[in-house]
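Thanks, everyone. I'll walk through one structure today, and I'll keep it brisk.

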Amino acid sequence: SHPDAWAAVDRYLAETLVGSDPALDATLASQDRAHLRPIEVAPVAGKLLHLLVRISRARRVLEIGTLAGYSAIWMARALPADGRLISIEAEPANAALARENVDAAGVGERVDIRIGRAADVLPGLADEAPFDLVFIDADKESNTVYLDWAARLSQPGAVIVVDNIGRSGEVANADTDDPQIQGVRGGLAMLGEDPRFDATGLQTVGVKGWDGLAIAVRV
Ligand code: DHB
Ligand code: MG
């Protein structure tokens with residue numbers, strides 16, 4: 001079937017271009033042991049985030065939604081030694097697991113995990129701003145709130161990435177009753193209309209099924 005072929009190509013691309021890594025593998029194993037759902041970004045998407053940090057020469061990165069630290073490790077590894085990544089996680093047990101995983105990956109000094117609902121934590125980050133890259137990957141209902149803070153806490157030229165904008169095609173359903181899909185659509189409408197952003201969206205298929213990423217620049 002098509003989803004099987006998407007996954008096979010995704011695995012082939014990951015083997016060919018991304019490779020495997022003991023610290024990232026250990027992070028996913030720890031996530032599994034903690035019975036967290038495997039909703040981390042795919043390896044090719046982790047590598048994309050890593051490359052975006054490198055290409056933009058980002059020194060300060062903000063992540064909203066840490067889970068077990070998989071994407072944080074990918075992005076932190078792209079930072080210079082004095083670079084910093086702040087990642088916000090609502091669930092304290094996840095934050096503790098991510099702390100262990102980023103430390104084991106050797107990037108602990110560059111990663112600061114803040115525990116709390118992002119809507120509560122973000123207003124306190126003015127002293128750490130401006131961020132050069134913001135990755136939004138938390139509760140989808142709050143995407144417009146997170147995009148507003150991404151704009152407030154960044155300067156023109158900053159990169160903003162939003163995960164999960166395809167949702168197996170549900171994003172195109174304007175009549176959806178699903179609050180997560182409504183949140184994704186609200187975020188995309190904001191990226192399209194708010195003059196602080198210039199954006200595009202790409203669908204993705206692969207080991208995580210059919211989904212997508214929005215990428216924007218702070219205008
Ligand atoms: C799911 C996937 C994600 O990447 C995410 O951030 C949240 C949920 C999911 O597949 O349910
Ligand atoms: Mg996600």
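I'll go from the sheet to the helices, then to the loops and the ligand.

One caveat up front. This is a predicted model.

Start with the sheet. Seven strands, or 7 if you read it off the slide, form an open sheet. The order is 3-2-1-4-5-7-6. The pairing is mixed. Which strands sit at the edges? Strand 3 and strand 6, residues 197-206, each pair on one side only. From one strand to the next, the twist averages 15°.

As a reminder, strands of a sheet pair through backbone hydrogen bonds, either parallel or antiparallel. Take one pair here. Strand 2 covers residues 84-89, and strand 3 covers residues 111-115. How do these two run, parallel or antiparallel? They run parallel, and 5 bridges join them. One bridge to look at: Ser 87 has Ile 113 of strand 3 as its partner.

What connects this pair? Helix 5, residues 92-104, belongs with strand 2 and strand 3 in a β-α-β unit. That unit is right-handed.

Now the helices. Put your eye on helix 7, residues 143-152, which packs on the sheet. Which strands does helix 7 touch? The list is strand 1 (60-64), strand 4 (131-136), strand 5 (154-163), strand 6 and strand 7 (209-218). Relative to strand 4, the direction of helix 7 makes an angle of about 175°.

Helix 7 also packs against helix 8, residues 179-193. Two packed helices are described by the angle between their axes and the distance between the axes. For this pair, the angle is about 35° and the axes are 8 Å apart. Who makes the contact? From helix 7, we have Asn 143, Thr 144 and Leu 147. From helix 8, the residues are Gly 183, Val 184, Gly 186, Gly 187, Met 190 and Leu 191. By class, the contact has 4 nonpolar and 5 polar residues. Charged residues there: none.

On to the loop between strand 5 and helix 8. Arg 167 lies in it. So does Ser 168. Thr 176 is found there as well.

Look at the backbone first. Arg 167 is not a glycine, yet its phi is positive, about 50°. Ser 168, also a residue other than glycine, has a positive phi near 55°.

Now burial. Is Arg 167 buried or exposed? Arg 167 counts as buried because 20 other C-beta atoms lie within 10 Å. Ser 168 has 11 other C-beta atoms within 10 Å, so it is exposed. Thr 176 has 15 within 10 Å, so it is partly exposed. Beyond its neighbours within four places in sequence, Thr 176 is in contact with Glu 170, Ile 181 and Gln 182.

One more loop. Pro 130 lies between helix 6 (118-121) and strand 4. The peptide bond from Ala 129 to Pro 130 is cis. Its omega is near 5°.

Last stop, the ligand. Which residues are around ligand 1? They are Ile 39, Asp 137, Asp 163 and Asn 164. By class, that shell holds 1 nonpolar, 1 polar and 2 charged residues.

That's the tour. Questions, please.

Technical notes:
Residues are numbered from 1 along each chain as its sequence is written. Chains are lettered from A and ligands numbered from 1 in the order in which they are written. This is a predicted model: local features need pLDDT of at least 70, side-chain atom pairs count only at pLDDT 80 or more; totals for chains, interfaces and linings use all residues. Two strands pair if DSSP finds at least two bridges between them. Helices (H or I, at least four residues) and strands (E, at least two) are DSSP runs, numbered from the N terminus. A crossover is right-handed if, with the strands pointing away from the viewer, the path from the first strand over the helix to the second runs clockwise. A residue is near a molecule or strand if its C-beta atom, placed from the backbone, lies within 6 Å of it. Ala, Val, Leu, Ile, Met, Phe, Trp, Tyr, Cys and Pro count as nonpolar, Asp, Glu, Lys and Arg as charged, and the others, Gly among them, as polar. Axes are lines fitted to C-alpha atoms, for helices over the stretch in contact, and angles run from 0 to 180 degrees between N-to-C directions. Two residues are in contact if their C-beta atoms, placed from the backbone, lie within 7 Å. A residue is buried if 20 or more other C-beta atoms lie within 10 Å of its own, exposed if 12 or fewer, and partly exposed in between; C-beta atoms are placed from the backbone.
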